Amino acid sequence: MAAASEPFRLLVLPGDGIGPEVIGQTLRVVDWFGRFLGRPFAISQDLVGGACLDTHGVPVTDAVVETALSADAVLFGAVGGEKWDSQPIHLRPEAGLLRLRKDLDLFANLRPAICYPELASASALRPELVEGLDILIIRELTAGVYFGEPRGVETLANGVRRAFDTQAYTSEEVERVVRAGFDIARGRNRRVCSVDKANVMQTGAFWREIATAVGRDYPDVELTHMYADNCAMQLMRRPKQFDVVVTDNLFGDILSDAAAMLTGSLGLLPSASLGAAGPDGVRKALYEPVHGSAPDIAGRGLANPLATILSFGMCLRHSMRAPEAADRLEAAVRRVLARGVRTADIARPGEAGVSTTQMTDAVLAELDAM
Ligand code: IPM
Ligand code: MG
């Protein structure tokens, strides 16, 4: 492992929409922890998504991918916007993010959904259903229908057009993400729910077979299986039944948005995308808020920076291996929420809410006071 005084090389990719605002504020928190840990950050910042398309004609450049591969971690804002919606699919801002995930082999996407008691009333569900909620969705991130070949649009002999994508998984791809789920469940409540469509899809039955086999290595962790449609329903009906949910790329995309709304706001949810541990135990990693680029509020200082700040918290925990620092940051965020500081997305009816900068000021003030 690197000596504590060696700089931590962080590649920062703000992206589009509210990305630059929430990243800009998060860098103040990064700076605070550099001082706190006595470990300097070597930060490089670059373009991704629509911003990169406008300058370089591609959603991510080879040079940025190279830098990402050699960095200790990537901090990512958000990509996308109406301006680029008519681009062909491989030249949309989102393709930049997908390439980073694939080229860095970030197969395990951790999306915690925690409902802070102070925000239970902001949830779309009744407070008693979500108070104390603590779910971790682990989404497979580098395979499945997002990347399967062949894909395309063709014109059949009869002139009818036909579009197709391919859902495919190898046993290794399923096994490594399911294993990640079991390993993480051991540090939590030791329950894994594997989600698939084994009743309809070949890949679903395969997913379930592999998950069951991996489960035999973890007799101390309870494994259950659930169909994806039922999981969507159960998340709304009784969300606290879940501990760790492991699922494929597409189901994970959908179910993590649903789980996010249980917590009151998409503006609060961080994520970590992790690769395999290298010989030194270090994993490639990209940290990003679960929310998107929210073009409707971009540039107005209204965005909630907490999802990005908490994503940096996951970086402290998983890449910098500074769990006490991560705990400290999460505690500071909880205190800020407990004090009633609210951005517009989580404000009570009739309340204006503080700005992106003011929310960050409040977090920094708590950190200073702790
Ligand atoms: C997400 C997003 C992305 C995805 C988009 C921006 C490509 O929705 O991270 O959940 O579909 O994976
Ligand atoms: Mg999504």
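Let us begin with the loop between α4 and β4, the strand that spans 108-114, for this is where D105 lies. The phi angle of D105 is near 55 degrees, a positive value in a residue that is not glycine. As background, most residues other than glycine have a negative phi, and most peptide bonds are trans. I should say at once that the model before us is a predicted one.

A second point of backbone geometry concerns P150, whose place is in strand β6. The peptide bond that runs from E149 to P150 is cis, and its omega is near 0 degrees.

I turn now to the ligand. Which residues surround ligand 1? They are E94, R101, R111, R139, Y146 and D253. Sorted by class, this shell holds five charged residues and one nonpolar residue, with no polar ones.

Several of these residues place polar side-chain atoms beside oxygen atoms of the ligand. For R101, a polar side-chain atom is 2.7 Å from an oxygen atom of ligand 1. In the case of R139, an N or O atom of the side chain lies 2.8 Å from an oxygen atom of the ligand. D253 likewise has a polar side-chain atom 2.8 Å from an oxygen atom of ligand 1. As for cover, ligand 1 taken alone exposes 320 Å², and the protein buries 75% of that area.

Where, then, does ligand 1 sit? The space that ligand 1 takes is the largest pocket. The volume of this pocket is about 1000 Å³. Its lining comprises 39 residues, and those nearest the centre of the pocket are E94, A95, L98, R101 and Y146. The elements that contribute two or more residues to this lining are β3 (73-78), α4 (93-103), β6 (148-155), β7 (161-166), α9 (249-262) and β12 (283-289).

Which element supplies the largest share of the pocket lining? The answer is α4, with seven residues. We met α4 at the outset, as one of the two elements that flank the loop holding D105. Strand β6, the place of P150, is also among the elements that give two or more residues to the pocket lining. By class, the lining of the largest pocket has 18 nonpolar residues, 13 charged and eight polar.

Finally, let me consider enclosed space. How many cavities of 30 Å³ or more does a search of the whole structure find? The search finds one. This largest cavity holds about 60 Å³ of space. The residues that line the cavity are Q167, Y169, V195, D196, K197, M201, T203, G204, W207, D248 and F251. Two elements, β8 (191-196) and α7 (202-215), each give two or more residues to this lining. Of the elements, α7 gives the most, with three residues. The cavity lining divides into five nonpolar residues, three polar and three charged.

To close, I return to the ligand: ligand 1 takes up the space of the largest pocket, and α4 gives that pocket the largest share of its lining.

Conventions. Residues numbered from 1 in each chain as written. Chains lettered and ligands numbered in written order. Predicted model: local features only at pLDDT ≥ 70, side-chain atom pairs only at ≥ 80, totals over all residues. Heavy atoms only, no water. Near = heavy atom within 4 Å. Polar contact = N/O pair within 3.5 Å; in protein donor to acceptor, adjacent residues only side chain to side chain. Areas by Shrake-Rupley, 256 points an atom, 1.4 Å probe, with all protein chains shown as cover. 1 Å grid on protein atoms, 1.4 Å probe; cavity = no way out; pocket = protein on both sides within 12 Å on 5 of 7 lines; lining within 4 Å. Sits in = over half its atoms within 2 Å of the grid points. Nonpolar A, V, L, I, M, F, W, Y, C, P; charged D, E, K, R; others polar. Points joined across faces, edges and corners; volume = space filled by probe spheres on them. Helix = DSSP H or I, 4+ residues; strand = E, 2+ residues; numbered from the N terminus.
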